[in-house]
Amino acid sequence: MDPELKIENLPQITLRPLGVADVDDFMVWAMDARVARFCTWEPYTSREDGLNYIQNTVVPHPWFKAICLNGRPIGAISVTENSGGDACRGELGYVLASEYWGKGITTTAVKMAVKAVFEERGEKLERVEALVDVDNVGSQRVLEKAGFCREGLLRRYVVLKGRTRDMVMFSLLSTDVGIL
Amino acid sequence: MDPEMKNSNFSEIITLRPLEVSDVDDLMVWASDERVARFCPWEPNTKREQGLDFIINRAIPHPWLRAICLNGKPIGSILVTKNSGNDACRGEIGYNLAWEHWGKGIATKAVKMAVKAVFEEWGTELERVEGLVDVENVGSQRVLEKAGFYREGLLRRYVVFKGRSRDMVLFSILCSDVENCSL
């Protein structure tokens, strides 16, 4: 079982696995167009879609946690796991219910997640990276505050909701983590 | 069938065409060379069967892989990966050239030809061709710069090959960077 992860600066924020019992909390952010804006998915409209997502994507995922405030899920954070020559890097993603934006919660969750995956995967993982839409300034600030390095602007990198987007590449190395 | 592409500015003609099984001995010239393999994920080939295996199982089925030919003879290879879904707007370029032919602008020429070809053949879906080059592979960084690619940044500890993680320089060229872009 995954232990709950805590950190000093925001003691009420914890990370734990997200399960089907959390679907109603999940739907709060999943239905929010402000949250979905820079995500590949459209806002959810049915609880059943939420259940399917949790069952088929979240539960089998190598590393996917609920961001909890006083034990209640208000968002989610994940790190991919690659194989072969790509195993040295994992990609970070996160969402937070818009009611809780601007309080440093996501930054805290990112710091906790990065610390956890570097510890859990050992020497195999050297790099956690994140790709952020060039217009998503809030998320760029989260990563900067969490100690990530801005490596560059990747032009016309990916298609999001029918439009090709420029994405900013950020990374944090296991050797950077001493700063946190 | 892909037409051969020619450039009349070269006194020696560089063309791109699909690799065939009959090219295996030419392929082995560069595939067995550790100078060529140095920044590649693979070890130099030692047996002809490895070359045949590559041609039959990787090169021929590949969405876009061509022999780089000098006066009709393969002296290297170049490929562009094809992605699907939300990643279909980008392809990744990779190339090898026999050591004997380094330093003459041939790889730059082949890259320019390949970029032009994929932007034409793949239509409006492809907007970006990118290249990832080991930070120590200065020669290949120069090839992409001369071919008109932009250096976007250094991706630290990005990939592991031959037992250690590498810093890779990311380059890209957009359809809109290339003359006569159809977009």
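# Exercises on a predicted two-chain model

Let's begin with a count: there are 0 disulfides over all chains, a disulfide being a pair of cysteine sulfur atoms within 2.5 Å. This is a predicted model, where local features need pLDDT of at least 70, side-chain atom pairs count only at pLDDT 80 or more, and totals for chains, interfaces and linings use all residues. Residues are numbered from 1 along each chain as its sequence is written, chains are lettered from A and ligands numbered from 1 in the order in which they are written, and side-chain values use heavy atoms, with hydrogens and water left out.

## Exercise 1: Lonely sulfurs

Explain why Cys149(A) and Cys40(B) form no disulfide.

Step 1. Recall that a disulfide is a covalent bond between the sulfur atoms of two cysteines.

Step 2. Take Cys149(A). The closest cysteine sulfur sits in Cys88(A), 16 Å away, so it is too far for a bond.

Step 3. Now Cys40(B). Here the closest cysteine sulfur is also in Cys88(A), but at 17 Å, so again it is too far for a bond.

Step 4. Check the surroundings. Buried means under 20% relative accessible area, exposed means over 50%, and partly exposed is in between (1.4 Å probe, protein chains only). Cys149(A) has 35% relative accessibility, so it counts as partly exposed. Cys40(B) has 11%, so it is buried.

## Exercise 2: A covered helix

Find out how many residues of helix H1 of chain B are buried, and what covers them.

Step 1. Locate the helix. Helices (H or I, at least four residues) and strands (E, at least two) are DSSP runs, numbered from the N terminus. H1(B) spans residues 24-31.

Step 2. Count. Of its 8 residues, 6 are buried, which leaves the helix mostly covered. The buried ones are Val24(B), Asp26(B), Leu27(B), Met28(B), Trp30(B) and Ala31(B).

Step 3. Look for the cover. In chain B, it includes helices H2 (34-37) and H3 (48-59), plus strands E3 (73-80) and E4 (90-97).

Step 4. Zoom in on Asp26(B), which belongs to H1 of chain B. Its relative accessibility is 19%, so it counts as buried. Contact means heavy atoms within 4.5 Å. Setting aside neighbours within four places in sequence, Asp26(B) is in contact with Lys73(B) and Pro74(B).

## Exercise 3: Two holes

Work out which residues line the largest cavity and the second largest cavity, and sort each lining by class.

Step 1. Set the rules. On a 1 Å grid over the protein atoms alone, a cavity is a set of points where a 1.4 Å probe fits but cannot get out; lining residues have an atom within 4 Å of a point. Grid points are joined across faces, edges and corners, and a volume is the space filled by probe spheres set on the points. That gives 2 cavities of 30 Å³ or more.

Step 2. The largest cavity holds about 40 Å³. Its lining is Lys82(B), Asn83(B), Ala88(B), Arg90(B), Trp122(B), Glu125(B) and Leu126(B).

Step 3. Sort by class. Ala, Val, Leu, Ile, Met, Phe, Trp, Tyr, Cys and Pro count as nonpolar, Asp, Glu, Lys and Arg as charged, and the others, Gly among them, as polar. You should get 3 nonpolar, 1 polar and 3 charged residues.

Step 4. The second largest cavity also has about 40 Å³ of space. Lining it are Leu154(A), Tyr157(A), Met169(A), Glu130(B), Leu132(B), Leu155(B), Tyr158(B) and Leu170(B). Two or more of these residues come from each of strand E6 (149-160) of chain A, and strands E5 (128-134) and E6 (150-161) of chain B. By class, there are 7 nonpolar, no polar and 1 charged residues.

## Exercise 4: Odd angles

Decide where Lys161(A) and Arg157(B) sit, and say what stands out about the phi of each.

Step 1. Know the background: most residues other than glycine have a negative phi.

Step 2. Lys161(A) isn't a glycine, yet its phi is positive, about 50 degrees. You'll find Lys161(A) in the loop between E6 and strand E7 (163-173) of chain A. Its relative accessible area is 35%, so it is partly exposed.

Step 3. Arg157(B) isn't a glycine either, and has a positive phi of about 50 degrees. Arg157(B) lies in strand E6 of chain B. With 31% relative accessible area, Arg157(B) is partly exposed.

Technical notes: 1 Å grid on protein atoms, 1.4 Å probe; cavity = no way out; pocket = protein on both sides within 12 Å on 5 of 7 lines; lining within 4 Å.
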